[in-house]
Amino acid sequence: MIIFTLVCMTIGAAAAIWLARPLLQESGAARLIGIAAGAFLALGALGAYFVNGMPDAPGAPYQPRMEALRAADPETLTPAEQEAWLRDAVRRDPRDIEARRLLGRFLAATQRELEAIAHFEQAIRVSPQARLFNDLGQTIVTLNEGVVTPEAQRAFTTAHAEDPAMPEPAFFLGAAAYEAGDRAAAAAFWGGIITRLDEDDPYREAIASRAADLLSRPSMGGADPAALTEGAERPDVEAMIDGMIARLETRLEADPADISGWLTLARARMMQDDPAGAADALARGRAALPGDPAARALISALGAAFGLEETDA
Amino acid sequence: MIAEIGRFLIALALLACVAQTFLSWRGADQGGRSGAARAGAAAAEIAVVAAGFAFLLLIISFVRSDFSIAYVATNSHVDKPLLYKISGTWGGHEGSMLLWCWILVLFGLGLARIGPRDPALRARAVSFQGLLSSLFFAFLAFASNPFERILPAPIQGADLNPILQDPLLAIHPPMLYVGYVGLSAAFAIAAAGLMQKSGGRELAAALRPWALGAWISLTGGIALGAWWAYYELGWGGWWFWDPVENASFMPWLLGAALVHSAIATEKRGAFPGWTVFLALIAYILSILGAFLVRSGVLTSVHAFALDPERGMWILGMLGVSAVAGFALFALRAGSLGEGDGFEPTSREAFIGVNNLLLAVTAGVVLIGTLYPLFVDLMGWPMISVGPPYFDASATPLLIVAAALMPVAAFLPWANGGAKPGLKQMRAAFLLVPVAGAIIAFIAFGAPVLAVVAGGVGAWALCGAAMDVGVHWRAAKARAARFSVMGRALAHAGVGFIALGAAADASRPPDINRALAPGESLVIAGHTLTLEGVRRADGQNYMADRATIRVDGRAAVSPERRYYPGADQTTREVGLRSDWRGDLYVSVGEARLREDGEMVYELRAAYHPLVWMLGFGAFLVVAGGGLALTGRLMSGAPARVRGRSDAPAEAAAPSEAAEARA
């Protein structure tokens, strides 16, 4: 404030003298006019300044602000400051994979997927890591409203090949297989993750629940039969479910290792308000796949979702 | 603190302009040599220094990305390249208004230092310029201050509109503003002359260099804007009769009329009132242009979207300037005097007819530009006035003006004689290439207006060539030769522009097609093959760059860019130019075709002889520059007399011959 005032006074005084000088060289009224004009200029400028001026307001150039941010506790930063912090880190070291990855994730979480994808791609160019491919694939999926596009599938395939233990790529590859109608492949991907994850890993339960939900859906173009026949006569739906159950029973008799079949059968029984039949279907599935922990996890997840007691076949 | 010092400097410049107005006025009353007049000039110096430093501080704030300044926060971004951080200073309303104001006071200082020779007229002109500057600085200080603060400051800026992040856009606005604002000097001299009851000749002589300089800059600015629109906006047009384009075109038309009218007034005393009127109205239309661009009353890619309150400020400035100028004109036009008279086939008669055509064209453009606003004001159903109206009304008038243009240079002043003039011009001989151009355009299937424009373009070119051939030898002095060459170049430029516009209007239809890599399309006999598309990210944007092979050889590389800071997508066109024309390709969105192939939307166009537009504009600017140089070298303008004044010519034959040239 003091410096600012001094600067302004100096400028104003210099301008006033410069303005008045030609008049001060004359005599009489001209000198008075000169003095008045100089005063008018300097004081008027200050007055005009103070109409909207904010002499106490500090400037905020970017570099000093970033230096202060870098020194601050990251926990105390606002989201905008966190983003600026990450951008600054990337700007200072474009090969900083971790900062770039975090920035990409931040951008993806704030619906700026295109920019996030660009950051993941640049990070991959520096270091082609599985987690970067995974982030890239997930962001592409989000951008495409949940659809696992060929680009996303390529990213997940690479990530899965690099690190088969990583659950997310396998989950999305399973989802892609499921979208393509290949339930066996989907079950294999999802089952693979479930067996790799620890029993108490929260991801294991989440993935098993989601996989069980998807694999138990009747294979009718991917849609729920009840939804497909919305508005239709009720007997038609029941007849349809009866027919589906009969076909499933036949199929499972021929191929008892079809986990999706057992799950679908249990779901169909529940649609018939037959929890005992559903529990029986799950128990038979468990019995048919005794050495497959992934299948057992899926069956347990679906049973839990339906609120069924675990029974023996 | 930088921002607050900048704000103080703007306030200081405002007060300096007010002081300039009053002190110079008093100085003019005292004959123009008193201390008050010198103090008025000193005030102009203070305004220039203060506004210049304020502008410098704003640039520094952009470079330092100080987002506590609202204008910087809305027009910049940390990741923006340095060039565009700097050019962003005048990329938005407030910064460009500061630039406008700085140029205003620079012209004020120019008038104070090298203005009219009559000291009283000079001081009065400096005073009027101070008044105009005060109006704009008040608007800047209180309604459009570029140092307005935003606290707490955002950590990141919103970025400059990506289509403005272009090297041409860094120089187009300053040139345009020098043109717009330069006309204020002509206004100030005209108003001062009316106030001082100066003679028409004296006034014309005083304002002509200023008007010419401003008009040259306006020409350059408009040409750069058209070029930018051609390659940046992605649709291949260079002129669309957009209201903002019209806002610059109207002062240009009147500036062109003024530059020529001033010659007739200066040399023969013809049209003194008209010349002064043009000087007043040309600047008033400049302010009208500012109103159209900055009030938010219309939508355009060029416009600053702003609130109506600022529009009212500009309307107020427009009102003050118009009332002051026209009231003076109404009261004092009689003091400008009468010319010596002329015959209908004299040079001044042709200049007068061309002036009339240019002014009517400006009127037609004004009506077309303002009519939608008027309709909106009346609450009638919305309409838009577009190219069909202007092509049917303004273009034919311009074609007639261009057709008459080459003839005037061969006609004598005052006592006329079209026949000897046309004979000297060898008009019949020149009609051969004109007919050739017309036949060529017809053969290429050009529309009627393009055929006519092509013929007129050839006519103007031939006339300009003949002008040099005939008048170069007659002009002995270097200044006169500059004038002859300047006129010929400028007129040749008009010819090239007419030819280029006619050729572009005859171009084959554009092709829009989705291509997968390896696929081709054919346009104007050229096969364009999409080789592939790859990422080509820049400092502050992400881009898909297509590689398109032309006839299996050279490649063009259009881009589709996404600017995350501004959340906007732009197209960077790929151009392949040779003397025959431009192949113009832009790439659009990628999509999955039904057959599963990833395809890219391509827009391909062929613009024959489009280079002539730019070259023509360059020649107009170069010609204007030579004419201005010649004018400045010659010093006092030569007064040309009619045949009845032969003894005077005999007394000073070389001077008269040069002036005739």
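Me: Two strands pair if DSSP finds at least two bridges between them. Which residue of S10(B) stands opposite B:Ile511?

Reply: This is a predicted model, in which local features need pLDDT of at least 70, side-chain atom pairs count only at pLDDT 80 or more, and totals for chains, interfaces and linings use all residues. Residues are numbered from 1 along each chain as its sequence is written, chains are lettered from A and ligands numbered from 1 in the order in which they are written, and side-chain values use heavy atoms, with hydrogens and water left out. S1(B) pairs with strand S10 (residues 598-608) of chain B in the antiparallel sense over five bridges; strands are DSSP runs of E (at least two residues) and helices runs of H or I (at least four), numbered from the N terminus. Within S10(B), the residue opposite B:Ile511 is B:Ala604.

Me: What is the strand order of the open sheet of four strands in chain B?

Reply: Strands of a sheet pair through backbone hydrogen bonds, either parallel or antiparallel. Here the pairing is antiparallel, and the order is S1-S10-S9-S8.

Me: Why is one side of strand S1 (511-515) and of strand S8 (574-578) of chain B left without a neighbour in the sheet?

Reply: These two strands of chain B, S1 and S8, stand at the edges of the sheet. One side of each is free of a neighbour because each has a single partner strand.

Me: By how many degrees are neighbouring strands of this sheet turned against each other on average?

Reply: The strand axes are lines fitted to C-alpha atoms, and angles run from 0 to 180 degrees between N-to-C directions. With direction ignored, the average turn is 20 degrees.

Me: Let's move along chain B. Which residue in the turn between S4(B) and S5(B) has a positive phi?

Reply: S4(B) pairs with strand S5 (residues 555-556) in the antiparallel sense over two bridges, and B:Arg549 stands opposite B:Ala555. The two strands form a hairpin with four residues between them. Most residues other than glycine have a negative phi, and most peptide bonds are trans. The residue in this turn with phi of about 55 degrees is B:Asp551.

Me: Which residue of S4(B) is the bridge partner of B:Thr529?

Reply: Strand S3 (residues 526-535) of chain B pairs with strand S4 (residues 542-550) in the antiparallel sense over seven bridges. A hairpin of six residues joins S3(B) to S4(B). In S4(B), the partner of B:Thr529 is B:Arg549.

Me: And which residue of S6(B) is the bridge partner of B:Ala543?

Reply: S4(B) runs antiparallel to strand S6 (residues 559-563) of chain B, and four bridges join them. In S6(B), the partner of B:Ala543 is B:Arg561.

Me: Where is the cis peptide bond that ends at B:Pro152, and in which loop does B:Pro152 lie?

Reply: The bond runs from B:Leu151 to B:Pro152 and has omega near 0 degrees. B:Pro152 lies in the loop between helix H6 (119-143) and helix H7 (167-196) of chain B.

Me: How much area do chain A and chain B bury between them?

Reply: The contact (heavy atoms within 4.5 Å) takes 45 residues from chain A and 45 residues from chain B. Buried area is the accessible area (1.4 Å probe) that two parts lose on being put together, summed over both. With 71% of it on carbon and sulfur atoms, the total is about 3800 Å².

Me: Which three residues supply 13% of the area that chain A buries against chain B?

Reply: No other three residues supply more of that area on chain A. The trio is A:Leu19, A:Tyr62 and A:Arg65.

Me: How many salt bridges are there between chain A and chain B?

Reply: A salt bridge is a side-chain nitrogen of Lys or Arg within 4 Å of a carboxyl oxygen of Asp or Glu. B:Asp79 forms one with A:Arg91, their closest N and O atoms being 2.7 Å apart. The count between the two chains is three.

Me: Which parts of chain A does the salt bridge of A:Arg101 and A:Asp135 tie together?

Reply: Over all chains there are 41 salt bridges, and in this one the N to O distance is 2.5 Å. The parts are 34 residues apart in sequence, because A:Arg101 lies in helix H5 (residues 97-109) of chain A and A:Asp135 in helix H7 (residues 130-143) of chain A.
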